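Trainee: Could you take me through this structure feature by feature, giving the general idea before the particular case?

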Amino acid sequence: MAEKRWISETLFDELGFRMTYEVERVLYEMRTEHQHLVLFEHTYFGKMLMLDGATQVTTRDEFVYHEMMTHVPIFAHGNAKEVLIIGGGDCGIAEEVLKHKSVTRLTQVEIDASVIEFSKEHFPEFTGPVFADKRFESVIADGMKYVAETDRRFDVMIVDSTDPQGPGAVLFTREFYANCRKCMAKGGVMVTQNGVPFFQADELTTSIGYFRQLYADGSCYVAAIPTYVGGHMAMGWAADDPKLRQTPLETIAARHKAAGSFPTKYWTPEVHKAAFALPRFIAEKVEKA
Ligand code: SAM
């Protein structure tokens, strides 16, 4: 019997460790115009997508990140109509956004058309409802260029990017955040994929430092995603209104009810509130950012 292949996440090589997964079957592997893409089946995590050696999404734990990157900003805002996703090619976040009937238009700007094309084949649970929804607009472009050139304004912006390497590096720059500021509607909020503070603290504090120079409020919230190794995952928070982060629990619960109380597996009004209570080692870094 042929020996099974093991695939490693190489994101933390410089820290001297790797998460390695036993591969049941490689479903898709290619070097795209922008990055190395491999999708494989794992006995426990199901389908796993890696880009440039970094785990992006698995069918078993995707709900944590996708729900927290979506429902926290939208329920904090309370009246989001125009939503922008930068990155997000697997469409896992888009699927969550479109659960909010109040949203009138969702624009997703993904740099790599291959990620979308192969997600249509391998993640139909995301792409099926998304591409069938007439509120959804898919744009293939560099997010940096899009926010620099668009004259549209967005209530909620979700930066579901890769890590600050390769095509994703520009999405962690002050210039990018300044252009996002320009296309943020009054009372708007932006959330960002901002790494695992235990291993990637500088990435988080640098982003929050820029947020505080450009926005009325800059901070983060956290959630634990099993395959984003290292404990808490940080989601950056940049808002036009400092009160959004303090939205009362009753208000969040009432907004979920008004949105039809759609089912969730991780997000709850209580988890939403608790996510902004940062563990001291993260809070101290955020304070100094
Ligand atoms: N949740 C994942 C994570 O936290 O690492 C991210 C998932 S999503 C697949 C990341 C997407 O960002 C990829 O499809 C990648 O092609 C896209 N991306 C990277 N750089 C980009 C850029 N400059 N503009 C737009 N999309 C970009």
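**Reading burial, rings, sheets and a ligand site**

Mentor: Let us begin with a single residue: F136 has a relative accessible area of 11%, so it counts as buried. Please keep in mind throughout that this is a predicted model.

Trainee: How are the rings of F131 and F136 arranged towards each other?

Mentor: For ring pairs one looks at the distance between centres and the angle between planes, and planes over 60 degrees apart count as edge-to-face. Here the centres of the F131 and F136 rings are 5.1 Å apart and their planes stand at 75 degrees, so this pair is edge-to-face. The partner of F136 in this pair, F131, has a relative accessible area of 34% and is therefore partly exposed. F131 also has a charged neighbour, since K120 lies over the face of its ring at 4.4 Å from the ring centre. A second case of this kind is R60, which is placed over the face of Y44, 3.7 Å from the centre of that ring.

Trainee: How many aromatic pairs does the structure hold, and which residues form one aromatic cluster?

Mentor: There are 22 aromatic pairs in the structure. One of them joins F75 and F262, whose ring centres are 6.0 Å apart and whose planes meet at 20 degrees, so that this pair is stacked. F75 belongs to helix 1 (residues 62-77), while F262 sits in the loop between helix 8 (249-258) and helix 9 (269-274), so the pair ties together parts that are 187 residues apart in sequence. F75 is buried, because its relative accessibility is 3%, and F262, with a relative accessible area of 9%, is buried as well. As for the cluster, F12, F17, F198, F199 and F281 make up one aromatic cluster.

Trainee: Let us turn to the sheets. In what order do the strands of the 4-stranded open sheet run, and is their pairing parallel or antiparallel?

Mentor: The general idea is that strands of a sheet pair through backbone hydrogen bonds, in either a parallel or an antiparallel manner. In this sheet the order is 3-4-5-6, and the pairing is antiparallel. Strand 3 (25-31) and strand 6 (54-58) are the edge strands, each of them pairing on one side only. Neighbouring strands of this sheet are turned against each other by 20 degrees on average, with direction ignored. Within the sheet, 6 bridges connect strand 4 (residues 36-42) with strand 5 (residues 46-51) in the antiparallel sense, and F40 stands opposite M48 in strand 5.

Trainee: And what is the strand order in the open sheet of 7 strands?

Mentor: That order is 9-8-7-10-11-13-12, and the pairing is mixed. Its edges are strand 9 (136-140) and strand 12, which each pair on one side only. From one strand to the next, the twist averages 20 degrees. The mixed character can be followed strand by strand. Strand 10 (residues 154-160) pairs with strand 11 in the parallel sense over 5 bridges, with F154 opposite M184 in strand 11. Strand 11 (residues 184-193), by contrast, pairs with strand 13 in the antiparallel sense, again over 5 bridges, and here the bridge partner of T192 is G236 in strand 13. Strand 12 (residues 217-224) and strand 13 also run antiparallel, joined by 8 bridges, and A223 stands opposite M233 in strand 13.

Trainee: How many residues of strand 13 are buried?

Mentor: In strand 13 (residues 232-239), 7 of the 8 residues are buried, so this strand is largely enclosed by the rest of the structure. The loop between strand 12 and strand 13 contains I225, which is buried because its relative accessible area is 3%. The C-alpha atom of I225 is 9.7 Å from that of V196, a residue 29 positions apart from it along the chain.

Trainee: Finally, how many residues surround the ligand, and which are the closest?

Mentor: The ligand is surrounded by 25 residues, of which Q35, E110, D142, G143 and Y228 are the closest. For polar contacts one looks for pairs of N or O atoms within 3.5 Å. A backbone N or O atom of G143 lies 2.8 Å from a ligand nitrogen atom, and a backbone N or O atom of I111 lies 3.2 Å from a nitrogen atom of the ligand. In Y228 the contact involves the side chain, where an N or O atom is 2.9 Å from a nitrogen atom of the ligand.

Notes: Residues are numbered from 1 along each chain as its sequence is written. This is a predicted model: local features need pLDDT of at least 70, side-chain atom pairs count only at pLDDT 80 or more; totals for chains, interfaces and linings use all residues. Side-chain values use heavy atoms; hydrogens and water are left out. Two strands pair if DSSP finds at least two bridges between them. Helices (H or I, at least four residues) and strands (E, at least two) are DSSP runs, numbered from the N terminus. Axes are lines fitted to C-alpha atoms, for helices over the stretch in contact, and angles run from 0 to 180 degrees between N-to-C directions. Rings of Phe, Tyr and Trp (its six-membered ring) pair if their centres lie within 6.5 Å; planes under 30 degrees apart count as stacked, over 60 as edge-to-face and the rest as tilted. Buried means under 20% relative accessible area, exposed over 50%, partly exposed in between (1.4 Å probe, protein chains only). A charge sits over a ring if NZ of Lys or CZ of Arg is within 6 Å of the ring centre and within 35 degrees of the ring normal. A residue is near a molecule or strand if one of its heavy atoms lies within 4 Å of it. A polar contact is a pair of N or O atoms within 3.5 Å; within protein, one must be able to donate a hydrogen and the other to accept it, and residues adjacent in sequence count only if both atoms are side-chain atoms.
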